[in-house]
Amino acid sequence: MNPSPMDWEFMDMALDLARQGAGWTSPNPMVGAVVIRDGAVVGKGFHERVGGPHAEVNAIDDAGPAAAGATLYVSLEPCNHTGRTPPCTEKILSAGIKKVAAAMEDPNPDVGGGGNKRLREAGLEVVSGIREAEARRLNETFIKYIRTRIPFVLAKCAATLDGRIATRTGDAKWVSGEASRRRVHDLRHAYDGIMVGIGTVLADDPSLTTRRPGLESRDPTRIILDARLDIPLNCKLLSLDSTAGNLVVSGPEPLADKRAAIEKTGARVLEAPLTDGRIDLARLMPVLGEMGITSLLIEGGGAVFGSAFAADIVDKVNFFFSPRILGGDDGIPICRGAGPALMADAVRLTRVSVRRFEEDVMVSGYPARIPA
């Protein structure tokens with residue numbers, strides 16, 4: 001199939017609708033749909049919240065009787081199985097839809113292709129692949145998790161042009177500008193978990209919550225790497241009024257009294273193996289996946305970033321660079337710890353993009369091992 005400009009336009013509408021579900025659909029994907037009849041939009045919808053109606057159902061209900069004989073554009077192959085909701089294929093068939101255009105097939109290895117097959121067998125015209133790259137990027141966290149059951153990991157930092165995330169005293173307020181910080185809160189809303197090391201907690205006493213004035217928001221589960229359970233009981237994290245919980249990751253066999261005191265605040269203490277005295281992040285990721293954390297935002301500090309890249313767990317980076325220069329070598333670098341001896345062994349990014357946030361510049365990319 002050679003998509004027409006109208007096909008691109010209608011699928012772009014579906015993708016824009018899907019983005020409205022960011023933060024609310026996990027562990028399900030973000031999906032949008034539009035119903036087109038005689039070249040006009042007669043219905044639209046998106047998957048608004050996990051457990052709620054899927055995008056196709058909302059779009060068809062919005063179209064009403066006009067759905068009969070129409071074309072459905074949807075950003076992901078319709079489901080053909082019963083989960084929290086009935087199969088979308090049956091809704092499509094009962095509505096009298098005649099053609100379905102999907103941006104991509106369902107990446108779930110257990111169900112992929114089943115929805116398209118069901119619709120074709122029922123006599124509908126089904127096409128797939130319109131705006132596929134955009135659809136895959138939209139649901140990159142879902143795609144990795146559904147295939148591996150390991151969280152998609154985004155490393156985010158704010159740094160000066162000379163690569164420092166804080167001064168020698170630990171001062172980091174503020175490296176980046178207000179527009180960059182707003183973007184970070186959008187990321188916190190969209191990701192299931194947020195991870196920092198105990199050094200960040202001791203230096204900054206952060207809340208790690210989501211703050212988007214005027215918008216309903218969701219806090220990520222806060223994950224603190226703290227091998228020796230040094231977290232202060234009076235820190236902000238342990239006294240937040242938040243629906244999201246705290247997960248303190250310790251080394252094996254932590255002191256019982258410290259563990260009990262932390263758990264008394266409502267936090268969970270998770271024991272994890274150590275490598276060179278630090279939490280083994282490669283072995284931690286599958287455990288987080290088993291807990292239902294499909295996506296993880298790493299916010300530092302330098303030791304955590306260094307460990308994350310050394311453990312090869314990072315799937316994507318968002319580095320915000322501010323037009324500031326500390327001009328010394330005593331500030332805190334983005335990554336701490338031993339790096340490679342050769343430049344050829346550095347982490348190389350692919351699919352690199354650059355975006356301005358007022359005066360800041362965000363460089364985004366994917367480690368070269370990640371398939372396109």
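How far is the sulfur of Cys-157 from the closest cysteine sulfur, and in which residue does that closest sulfur lie? In this predicted model, the closest cysteine sulfur to that of Cys-157 belongs to Cys-335 and lies 7.7 Å away, which is too far for a bond. A disulfide is a covalent bond between the sulfur atoms of two cysteines. The cut-off applied to such a pair is a sulfur-to-sulfur distance within 2.5 Å, and the structure holds zero disulfides. A second case is given by Cys-79, whose sulfur has its closest cysteine sulfur in Cys-88 at 3.7 Å, again too far for a bond. Both cysteines are enclosed: Cys-157 counts as buried because its relative accessibility is 3%, and Cys-79 counts as buried because its relative accessibility is 9%.

Cys-157 belongs to strand S6, and this strand is considered next. Strand S6 spans residues 152-160, and because nine of its nine residues are buried, the strand is largely enclosed by the rest of the structure. In a regular strand the side chains alternate between the two faces of the sheet. In S6, Phe-152, Leu-154, Lys-156, Ala-158 and Thr-160 point one way, whereas Val-153, Ala-155, Cys-157 and Ala-159 point the other way, and the residues of both groups are buried. Strand S6 pairs in the parallel sense with strand S14 (residues 295-298) over four bridges, and within S14 it is Leu-296 that stands opposite Val-153. A further parallel pairing, over seven bridges, links S6 to strand S15 (residues 316-322), where Lys-316 is the bridge partner of Leu-154.

These pairings form part of an open sheet of nine strands, in which the order is S11-S10-S9-S8-S14-S6-S15-S18-S17 and the pairing is mixed. The edges of this sheet are formed by strand S11 (268-271) and strand S17 (349-357), each of which pairs on one side only. From one strand to the next, the twist averages 20°. An antiparallel contribution to the mixed pairing comes from S15 and strand S18 (residues 360-367), which are joined by five bridges, with Val-317 standing opposite Gly-365 in S18. Helix H10 (residues 281-290) packs on the sheet, where it touches S6, S8, S9, S10, S11 and S14, and the direction of this helix makes about 155° with that of S8.

Within the nine-stranded sheet, strand S9 (residues 221-225) is also largely enclosed by the rest of the structure, because four of its five residues are buried. Strand S8 (residues 193-197) runs parallel to S9 and is joined to it by five bridges, and Val-196 stands opposite Ile-224 in S9. Between these two strands the chain passes through helix H8 (residues 198-204), and the resulting β-α-β crossover from S8 to S9 is right-handed. Strand S9 is likewise joined to strand S10 (residues 246-250), in this case by four bridges and again with the strands running parallel; Asn-246 in S10 is the bridge partner of Arg-222.

Burial also extends to a helix. Seven of the nine residues of helix H11 (residues 302-310) are buried, so this helix is largely enclosed by the rest of the structure. The buried residues of H11 are Gly-302, Val-304, Phe-305, Gly-306, Ser-307, Ala-308 and Phe-309. After H11 comes Asp-312, a residue whose phi is positive, near 60°.

Another sheet is an open one of five strands, which are arranged in the order S2-S1-S3-S4-S5 with mixed pairing. Strand S2 (40-46) and strand S5 (125-128) are the edge strands of this sheet, each pairing on one side only, and the twist from one strand to the next averages 15°. Strand S1 (residues 32-37) pairs with strand S3 (residues 71-74) in the antiparallel sense, over four bridges, and Leu-72 in S3 is the bridge partner of Val-35. Helix H1 (residues 5-19) lies across S1, S2, S3 and strand S4 (99-102), and runs at about 145° to S1.

Definitions and conventions
Residues numbered from 1 in each chain as written. Predicted model: local features only at pLDDT ≥ 70, side-chain atom pairs only at ≥ 80, totals over all residues. Heavy atoms only, no water. Buried < 20%, exposed > 50% of the residue type's maximum accessible area, 1.4 Å probe, protein only. Pairing = 2+ DSSP bridges. Right-handed = clockwise from strand over helix to strand, strands pointing away. Axes fitted to C-alpha atoms, helices over the stretch in contact; angles between N-to-C directions. Contact = heavy atoms within 4.5 Å.
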